[in-house]
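Colleague: I'm still new to the words people use for protein models. Could you walk me through a few of them?

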Amino acid sequence: MYLVFMEESQSNLLVSRVLRLAILALGVVLATKLVPGIYCDDGWTLLAVVVVLTLFNSFLKPLLVLFVLPFLVATLGIGIILINALVLFLVGHVVKGFQVGSFGAAIFGAIIISVTNLCVTLLIRKGGPPRPPRGGGGGRRRDNGEVIDI
């Protein structure tokens, strides 16, 4: 029973990760179609862009966020767009066949990729099973309706 549950959760994790990569690929394709200055040669280049962008978002982006944290706080988080643009701009220099012409194009491309990711993720979650509430799940309720968290 435990082994079956573990296999199901691992397959769900794999499907979830592949779905995230597909959503990212959709965002990159939309950015190449809508933003002048962003160009991708073919499907293999798109696959390379998605892989490198995922790696940069996993390792480089957290470091950048850490270094510019006061700026992010001062801009109420809007500065994250500049970090996303910088990461996209760097991917344009690393992957051959993917070009980001200017930092302005990178900003608009990063916005399109982020909005695509947000919208598709919300659409997928809306049709799926409800997610359990985060935190506060271990409380006891008194007779008067008051909740005591332990």
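Colleague: Why is T116 called buried?

Modeller: Buried means under 20% relative accessible area, exposed means over 50%, and partly exposed is in between (1.4 Å probe, protein chains only). T116 has 9% relative accessibility, so T116 counts as buried. Bear in mind that this is a predicted model, where local features need pLDDT of at least 70, side-chain atom pairs count only at pLDDT 80 or more, and totals for chains, interfaces and linings use all residues. Residues are numbered from 1 along each chain as its sequence is written, and side-chain values use heavy atoms, with hydrogens and water left out.

Colleague: Okay! What makes L26 partly exposed?

Modeller: L26 comes out at 39% relative accessibility, so L26 is partly exposed.

Colleague: And how do you know which residues T116 is in contact with?

Modeller: Contact means heavy atoms within 4.5 Å. Setting aside neighbours within four places in sequence, T116 is in contact with I23, L26, G27 and L30. Seen from the other side, L26 touches T116 and V120, again not counting residues up to four places away in sequence. The C-alpha atoms of L26 and T116 are separated by 7.6 Å, though the two residues sit 90 apart along the chain.

Colleague: Which helices are they in?

Modeller: T116 is in helix α5 (residues 103–127), and L26 is in helix α1 (residues 2–34). Helices (H or I, at least four residues) and strands (E, at least two) are DSSP runs, numbered from the N terminus.

Colleague: Then where does I38 belong, and is I38 buried or exposed?

Modeller: I38 is in strand β1 (residues 38–40). Its relative accessible area is 5%, so I38 is buried. Not counting residues up to four places away in sequence, I38 touches A31, T32, L88, F98, Q99, V100, A105 and G109. Take A105: its C-alpha atom and that of I38 are separated by 6.7 Å, with their places 67 residues apart along the chain.

Colleague: How many aromatic pairs are there, and why is the pair of F89 and F103 called edge-to-face?

Modeller: There is one aromatic pair in the structure. Rings of Phe, Tyr and Trp (its six-membered ring) pair if their centres lie within 6.5 Å; planes under 30 degrees apart count as stacked, over 60 as edge-to-face and the rest as tilted. The ring centres of F89 and F103 are 6.0 Å apart and their planes are at 75°, so this pair is edge-to-face.

Colleague: What does that pair tie together?

Modeller: F89 lies in helix α4 (residues 80–94) and F103 in helix α5, so the pair ties together parts that are 14 residues apart in sequence. F89 has a relative accessible area of 22%, so F89 is partly exposed, and F103, at 33%, is partly exposed too.
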